[in-house]
Amino acid sequence: MALDNELELRPGDNKTGLVKMGHELKTNGKTLFGLVALFWVLEVFDKLIFMGGLDTLGIHPRTLSGLSGILTAPFLHGSFAHVAGNTAPFLVLGGLIMLRDRRDWLATTVLSSLIGGLGIWLFGCLLYTSPSPRDVEES
């Protein structure tokens, strides 16, 4: 007896386990690739529509208003090269963590984003990578 994916089942094999595993892999893939697509779409919008203005929503070290950037920074990138450089590690490492459990991936992603963002806020330099459109108009 063969399944659609060409795996043979022997007497006593658990067909529902294979189906469940396939469903989990699809869901995990959709989650990871969906987030990567969001990162790329945001970067395209940032560069083409907002002329880099979304970058001002990132972390501004040691300023009270810069704390909100800890929540937005994981979705913002300074350039297309930055997004490209983050894409493969996000997919590979995220996929490996999701093989264990999707909740582990969520906890790891949220905690590393918050701890990393807080570290940048505490120890980052005060230079901004992109001036806001307002700053460019004033100079």
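1. Contacts of N28. In this predicted model, N28 touches M98 and R102, leaving aside residues up to four places away in sequence. N28 itself sits in helix 1, which covers residues 15-48. Its relative accessibility is 9%, so N28 counts as buried. Both of its partners reappear in the next point, as M98 of helix 3 and R102 of helix 4 take part in the contact between those helices.

2. Helix 3 against helix 4. Helix 3 spans residues 80-100 and helix 4 spans residues 102-123. They pack at about 135°, and their axes are 6 Å apart. The two helices are therefore oblique to each other; the cut-off for roughly antiparallel is an angle over 145 degrees. On the helix 3 side, the contact is made by F90, G94, I97, M98 and R100. Helix 4 supplies R102, D104, W105 and T108. By character, the residues of this contact divide into 4 nonpolar, 2 polar and 3 charged.

3. Salt bridges, starting with E43. The structure holds 5 salt bridges. One of them joins E43 to K47, with the closest N and O atoms 2.8 Å apart. Both residues lie in helix 1. They are 4 residues apart, about one turn of the helix. E43 has a relative accessibility of 2% and so counts as buried. K47, at 25%, counts as partly exposed.

4. Further partners of K47. The side chain of K47 also meets that of D46 in a salt bridge, at 3.4 Å from N to O. D46 is at 2% relative accessibility and therefore buried. D55 forms a salt bridge with K47 as well, and here the closest N and O atoms are 3.5 Å apart. D55 counts as buried too, with a relative accessibility of 12%. Through shared partners, these salt bridges join E43, D46, K47 and D55 into one network.

5. Aromatic pairs: F39 and F75. A search of the whole structure finds 3 aromatic pairs. In one, the ring centres of F39 and F75 are 6.0 Å apart. The planes stand at 55°, so this pair is tilted; edge-to-face would need planes over 60 degrees apart. F39 belongs to helix 1, while F75 is in the loop between helix 2 (69-72) and helix 3. The pair therefore ties together parts that are 36 residues apart in sequence. F39 is buried, with a relative accessible area of 10%. F75 is partly exposed, at 33% relative accessibility.

6. Aromatic pairs: W40 and F80. The ring centres of W40 and F80 are 6.3 Å apart. Their planes are at 15°, so the pair is stacked. This pair links distant parts of the chain, with W40 in helix 1 and F80 in helix 3, 40 residues apart. What is the exposure of each partner? W40 has a relative accessible area of 29% and is partly exposed. F80 is at 37% relative accessibility and also counts as partly exposed.

7. The ring cluster. Which residues do ring pairs link into a cluster? They are F39, F75 and F90. F90 is also one of the helix 3 residues that make the contact with helix 4. F39, for its part, lies in helix 1.

Notes. Residues are numbered from 1 along each chain as its sequence is written. This is a predicted model: local features need pLDDT of at least 70, side-chain atom pairs count only at pLDDT 80 or more; totals for chains, interfaces and linings use all residues. Side-chain values use heavy atoms; hydrogens and water are left out. Buried means under 20% relative accessible area, exposed over 50%, partly exposed in between (1.4 Å probe, protein chains only). Contact means heavy atoms within 4.5 Å. Axes are lines fitted to C-alpha atoms, for helices over the stretch in contact, and angles run from 0 to 180 degrees between N-to-C directions. Angles under 35 degrees count as roughly parallel, over 145 as roughly antiparallel, 65 to 115 as roughly perpendicular and the rest as oblique. Ala, Val, Leu, Ile, Met, Phe, Trp, Tyr, Cys and Pro count as nonpolar, Asp, Glu, Lys and Arg as charged, and the others, Gly among them, as polar. A salt bridge is a side-chain nitrogen of Lys or Arg within 4 Å of a carboxyl oxygen of Asp or Glu. Rings of Phe, Tyr and Trp (its six-membered ring) pair if their centres lie within 6.5 Å; planes under 30 degrees apart count as stacked, over 60 as edge-to-face and the rest as tilted.
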